[in-house]
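Please open the structure in a viewer and keep a selection prompt at hand. The tour proceeds by selection, with a short account of what is found at each stop.

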Amino acid sequence: MSYPEPRYFGEHGEINADFRPATTGPDFVAKPAGATDDDPRATSYHYLSTTASTGGEYGLYRVDMGPESVGPSTHFHKAISESFFILSGTMRLFDGERWIDATSGDYLYVPVGGLHAFRNESGEPASMLMLFAPGAPREDYFEGLPELASLSEEERREFVLRHDSFFV
């Protein structure tokens, strides 16, 4: 396998890096239905690199899940791969065959079409990085999740299809 074809044709490089301090607050916080603002089961999303900021190359997100936070059921994507890197805590990851208790440093790569799911069943918070490649507008997906319960069946189906999520 070789390197991809060049995409930058300048001679001296550019100053165009984007630094985000660890102290930056979350971009979006999803609370369980009926929860208060300080509910520990909330999930915080940090938009580290969005599809817009990477020109569609990838999307990288830090996801901080509170104890006993529910994630998506088993699903797959037709257009994007998804990777999970556990930063802290214990996250339950489904690799298409089995559930794994993943802890700090564990990694799961899910190719396009691969069945997967995740959740935090532990009594403690857990944090992970999620990488989608190529990039996709996952921010709209994350921000729409709390509203799913109020949508009709047809609206829910349209939402998940629009976001390349196929549940089994």
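The stops below concern a predicted model.

**Stop 1: the largest pocket**

Begin by displaying the largest pocket, which holds about 710 Å³ of space. Its lining comprises 30 residues, and Tyr45, Val70, Gly71, Leu145 and Pro146 are the closest to its centre. Next, colour the secondary structure elements that contribute to this lining: β2 (43–49), β3 (59–65), β10 and α1 (138–144) each supply at least two residues. Which of these elements gives the most to the lining? Helix α1 does, with 3 residues. If the lining is coloured by class, 19 residues appear as nonpolar, 6 as polar and 5 as charged.

**Stop 2: Tyr45 and the aromatic rings**

Keep Tyr45, one of the residues closest to the centre of the largest pocket, and turn to the rings. The structure holds 12 aromatic pairs. Select Tyr45 together with Phe142: the two rings form a stacked pair, 4.4 Å centre to centre, with 20 degrees between the planes. Tyr45 belongs to strand β2 and Phe142 to helix α1, and the pair thereby links distant parts of the chain, 97 residues apart. Are these two residues buried or exposed? Tyr45 counts as buried because its relative accessibility is 9%, and Phe142 is buried as well, with a relative accessible area of 3%.

Extend the selection to Phe28, Tyr47, Tyr61, Phe132, Tyr141 and Phe159; with Tyr45 and Phe142, these residues form one aromatic cluster.

**Stop 3: strand β10 and the loop that follows**

Select Leu131, which is found in strand β10. Leu131 counts as partly exposed, at 30% relative accessibility. Beyond its neighbours within four places in sequence, Leu131 is in contact with Tyr58, Gly59, Leu60, Ser81, Glu82 and Ser83. A distance monitor between the C-alpha atoms of Leu131 and Pro40 should read 24 Å, for a separation of 91 residues in sequence.

Proceed to Pro134, in the loop between β10 and α1. Inspect the peptide bond from Ala133 to Pro134: this bond is cis, with omega near -10 degrees.

**Stop 4: Asn120 and its surroundings**

Return along the chain to Asn120, in the loop between β9 (117–119) and β10 (126–133). With a relative accessibility of 1%, Asn120 counts as buried. Leaving aside neighbours within four places in sequence, the residues in contact with Asn120 are Met65, Gly66, Pro67, Glu68, Ser69, Thr90, Met91, Pro125 and Ala126.

From this list, select Glu68, which is found in the loop between β3 and β4 (75–76). Its phi is near 60 degrees, a positive value in a residue other than glycine. Glu68 counts as partly exposed, at 48% relative accessibility.

**Stop 5: the salt bridges of Glu121**

Now display charged side chains; the structure holds 11 salt bridges. Select Glu121 and Arg92, which form a salt bridge whose closest N and O atoms are 3.2 Å apart. Glu121 lies in the loop between β9 and β10, whereas Arg92 lies in strand β6 (residues 90–94), so the bridge ties together parts that are 29 residues apart in sequence. The two partners fall into separate accessibility classes: Glu121 is partly exposed at 36%, while Arg92 is buried, with a relative accessible area of 18%.

Add Arg119, whose side chain meets that of Glu121 in a further salt bridge, at 2.5 Å from N to O. Arg119 is partly exposed, with a relative accessible area of 27%. Include Asp101 to complete the picture: Arg92, Asp101, Arg119 and Glu121 are linked in a network of salt bridges.

**Stop 6: helix α2 and the loop beyond**

Finally, select Arg157 and Glu154, both in helix α2 (residues 153–162) and 3 residues apart, about one turn of the helix. Their salt bridge has its closest N and O atoms 1.9 Å apart. Both residues are partly exposed: Arg157 at 45% relative accessibility and Glu154 with a relative accessible area of 48%.

The last selection is Asp164, in the loop between α2 and β11 (166–167). Phi of Asp164 is near 55 degrees, a positive value in a residue other than glycine. Asp164 is buried, with a relative accessible area of 13%.

Definitions and conventions. Residues numbered from 1 in each chain as written. Predicted model: local features only at pLDDT ≥ 70, side-chain atom pairs only at ≥ 80, totals over all residues. Heavy atoms only, no water. Helix = DSSP H or I, 4+ residues; strand = E, 2+ residues; numbered from the N terminus. Buried < 20%, exposed > 50% of the residue type's maximum accessible area, 1.4 Å probe, protein only. Contact = heavy atoms within 4.5 Å. 1 Å grid on protein atoms, 1.4 Å probe; cavity = no way out; pocket = protein on both sides within 12 Å on 5 of 7 lines; lining within 4 Å. Points joined across faces, edges and corners; volume = space filled by probe spheres on them. Nonpolar A, V, L, I, M, F, W, Y, C, P; charged D, E, K, R; others polar. Salt bridge = Lys/Arg side-chain N within 4 Å of Asp/Glu carboxyl O. Phe/Tyr/Trp six-rings, centres within 6.5 Å; stacked < 30°, edge-to-face > 60°.
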